[in-house]
Amino acid sequence: MPTSAPPSNRFERRRAETRGALVRAARRILAETGDTSVSIQAIAELADVGFGSFYNHFDSKTELFEAAVQDALEEYGQAFDGQLAGIDDPAELVAAGFRLSARMAESHPELMQVLRRRGLGHIHSDNGLARRALRDVEVGMASGRFTAADPVVALSALGGTLLSLVELRFARPEVDGDEAAVKLAEMVLRMLGVPPADAHEVARRPLPDLV
């Protein structure tokens, strides 16, 4: 889960714990079935909190599930921050994002199932990997590394391709996920304007371990 400053007193800590339990329960539901018609009572039981506690934190199930998606997206983005902090080349950042995402289908299956089921509606979100990817595209365009004309359109293409990769990892587990990610990374780099030979090399650079 994304980190935040700890609550300052016991009451706030308990509130935060209850809210966190509800969000985790919603994430689990989204990952396992995607069925948001589940009752509030069932959510509360899964979270191991009282039914009445729900409305102390959320006005509706819609609000809770949206909070769960946002929580997952931010965790997804934070997962890359430490591993990719030393990389300055925006092309390498894009390629590494694809390749690490493919591996996260195994290392973080719940998180990636949430992305699989709900990611399309958040390609242009201000949270998670989306804002980080947009930043990298804009840096790449400003430096001349990328020749794409519109960063928002480029982000749409990157996001759609990434979600297709995530779907491939779950729908076709027999496919070599690492190899598929490398090939897709090379394709998107060429789409962004990176020369073919350069895109081929960048997509295959050593990848940092994902914590």
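**Close-up views, one residue neighbourhood at a time**

**View 1. The side chain of D89 reaches the backbone nitrogen of A91 at 3.0 Å.** This is a polar contact (a pair of N or O atoms within 3.5 Å, where one must be able to donate a hydrogen and the other to accept it, and residues adjacent in sequence count only if both atoms are side-chain atoms). Before you look further, please note that this is a predicted model, in which local features need pLDDT of at least 70 and side-chain atom pairs count only at pLDDT 80 or more, while totals for chains, interfaces and linings use all residues. Residues are numbered from 1 along each chain as its sequence is written, and side-chain values use heavy atoms, with hydrogens and water left out. You will find D89 in the loop between α3 and α4; helices (H or I, at least four residues) and strands (E, at least two) are DSSP runs numbered from the N terminus. With a relative accessible area of 16%, D89 is buried, where buried means under 20%, exposed over 50% and partly exposed in between, using a 1.4 Å probe and protein chains only. The atom of D89 that comes within 3.0 Å of A91 is a side-chain oxygen, and the meeting takes place at the start of α4.

**View 2. Helix α4 is largely enclosed by the rest of the structure.** Of its 18 residues, 15 are buried. Its end C-alpha atoms lie 25 Å apart, which agrees with the 26 Å that its 18 residues should span at 1.5 Å a residue. That expected span is 1.5 Å times one less than the number of residues in the helix.

**View 3. Residues of α4 help to line the largest cavity.** The structure holds one cavity of 30 Å³ or more. A cavity here is a set of points on a 1 Å grid over the protein atoms alone where a 1.4 Å probe fits but cannot get out, and its lining residues have an atom within 4 Å of a point. The largest cavity contains about 40 Å³ of space, a volume filled by probe spheres set on grid points that are joined across faces, edges and corners. To trace the wall of this cavity, look for I87, E92, A95, A96, R99, V202, R205, P206, L207 and P208. Helix α4 (residues 90-107) gives the most to this lining, with four residues. Sorted by kind, the lining has seven nonpolar residues, no polar ones and three charged ones. In this sorting, Ala, Val, Leu, Ile, Met, Phe, Trp, Tyr, Cys and Pro are nonpolar, Asp, Glu, Lys and Arg are charged, and the others, Gly among them, are polar.

**View 4. P208 lies in the segment after α9 (196-202).** P208 is one of the residues that line the largest cavity. At 24% relative accessibility, P208 counts as partly exposed. Now compare its place with that of A148: the two are 60 residues apart along the chain, and their C-alpha atoms are separated by 27 Å.

**View 5. V194 sits in the loop between α8 (177-191) and α9.** This residue counts as buried, at 3% relative accessibility. From the C-alpha atom of V194 to that of A133, 61 residues away along the chain, the separation is 16 Å.

**View 6. D35 and S37 meet through their side chains.** Their polar contact has a distance of 2.5 Å. Look for D35 in the loop between α1 (10-32) and α2. D35 is partly exposed, with a relative accessible area of 37%.

**View 7. D48 has a positive phi although it is not a glycine.** The phi angle of D48 is near 60°. D48 belongs to the loop between α2 (40-47) and α3 (61-84), and its relative accessible area of 70% makes it exposed.

**View 8. E138 has its place in helix α6 (residues 128-143).** E138 is partly exposed, with a relative accessible area of 40%. Between E138 and R28 there are 34 Å in space, C-alpha to C-alpha, and 110 residues in sequence.

**View 9. Stepping back, the protein has nine helices and zero strands.** Its radius of gyration, taken over C-alpha atoms, is 19 Å, close to the 17 Å that the globule rule (2.2 Å times the number of residues to the power 0.38) gives for 211 residues, so the protein is as compact as a globular protein of that length. Along its principal axes, the C-alpha trace spans about 60 × 40 × 30 Å. Of the 211 residues, 47% count as buried.

Notes: On a 1 Å grid over the protein atoms alone, a cavity is a set of points where a 1.4 Å probe fits but cannot get out, and a pocket is an open set with protein on both sides within 12 Å along at least five of seven lines; lining residues have an atom within 4 Å of a point.
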